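Me: Could you take a close look at the sheet in this model and walk me through how its strands pair and what packs around them? I'd like the cut-offs spelled out as you go.

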Amino acid sequence: MLHRSNIGPVGDRPIVLIGPMAVGKSAIGQQLAQQLGARFVDTDAVIVAGHGSIAEIFAGRGEHAFREIEARTVAHAVEEAEATPTVISLGGGAVLDSGTQQLISRCTVVYLECDAETVADRIARNSGRPLLAGDAMSRWTAMFATRRPVYERLADITLDVRHGSIPELGGRLEAALRNHAAAKQEVEK
């Protein structure tokens with residue numbers, strides 16, 4: 001059941017969550033979608049449903065093949081979302097694709113900001129991330145250092161997720177989206 005009236009105050013564009021692996025894009029995205037009565041799409045989950053585990057894609061076909069599948073999946077999700085209230089969670093590296101960067105410029109992009117300490121426990125518990133094979137935390141830190149400027153450049157809104165429960169973060173994000181939409185309306189007047 002969609003409550004479209006709740007979407008209006010946060011704008012009429014799809015909401016896209018970006019940020020590093022294990023930052024909580026899926027959990028916070030689901031929370032936000034529930035609060036707004038919107039549809040939620042996790043592009044990593046869509047890839048797994050259609051192509052098998054991400055680890056298997058990396059092992060069997062390589063990162064390049066995975067990135068092509070990911071770019072097509074994101075494009076499809078964004079195109080489908082343009083007519084409906086939708087929150088979309090992207091994989092950590094999806095923003096490296098220039099086509100994806102152009103596509104999400106039509107959305108409200110939220111960067112979930114964190115640090116290595118915030119994600120260390122989650123990464124230690126989840127060994128199914130192929131790009132983190134070996135010394136997971138040093139690999140995560142190196143990838144984050146490379147990707148962080150991209151996340152920051154693409155973001156309309158930055159939400160610090162270092163502290164707070166998922167419901168608290170969802171509430172803070174909804175408030176930030178409302179403020180962003182209101183400021184945008186003022187500029188357009």
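Reply: Happy to. Helices (H or I, at least four residues) and strands (E, at least two) are taken here as DSSP runs, numbered from the N terminus. On that basis the elements follow one another from the N terminus as β-α-β-α-α-α-β-α-β-α-α-β-α, and the chain has eight helices and five strands.

A word on the model itself: it is predicted, with local features needing pLDDT of at least 70 and side-chain atom pairs counting only at pLDDT 80 or more, while totals for chains, interfaces and linings use all residues. Residues are numbered from 1 along each chain as its sequence is written, and side-chain values use heavy atoms, leaving out hydrogens and water.

Now to the sheet. Two strands pair if DSSP finds at least two bridges between them. The five strands form an open sheet in the order β2-β3-β1-β4-β5, with parallel pairing. At its edges are β2 (39-42) and β5 (157-160), each of which pairs on one side only. Neighbouring strands are turned by 20° against each other on average, with direction ignored; axes are lines fitted to C-alpha atoms, for helices over the stretch in contact, and angles between N-to-C directions run from 0 to 180 degrees.

Let's walk across from the β2 edge. β2 and β3 are parallel and share four bridges, with Val41 having Ile88 in β3 as its bridge partner. β3 then pairs with β1 in the parallel sense over three bridges, and here Val16 has Ile88 as its partner in β3. Next, four bridges join β1 (residues 15-18) to β4 (residues 108-113), again running parallel, and Ile18 stands opposite Tyr111 in β4. The walk ends with β4 and β5, a parallel pair with four bridges, where Val110 faces Ile157 of β5.

How do the side chains sit along these strands? In a regular strand they alternate between the two faces of the sheet. For burial, the cut-offs are under 20% relative accessible area for buried and over 50% for exposed, with partly exposed in between (1.4 Å probe, protein chains only). In β5, Ile157 and Leu159 point to one face and are buried, whereas Thr158 and Asp160 point to the other and are not. β3 has both faces covered: Thr86 and Ile88 on one side, and Val87 and Ser89 on the other, are all buried. Across the chain of 189 residues, 47% count as buried.

What lies against the sheet? Taking contact as heavy atoms within 4.5 Å, helix α4 (residues 63-81) lies across β2 and β3 (86-89) and runs at about 170° to β3. Helix α7 (residues 136-154) also packs on the sheet, touching β1 and β4, and its direction makes about 145° with that of β4.

One residue in α4 deserves a look of its own: Glu70 is found in that helix, and it counts as buried because its relative accessibility is 2%. Leaving aside residues up to four places away in sequence, Glu70 touches Asp44, Ile47, Gly91, Gly93 and Ala94.

As for the wider chain, among contacts between residues at least 6 apart in sequence, 77% join residues at least 24 apart.
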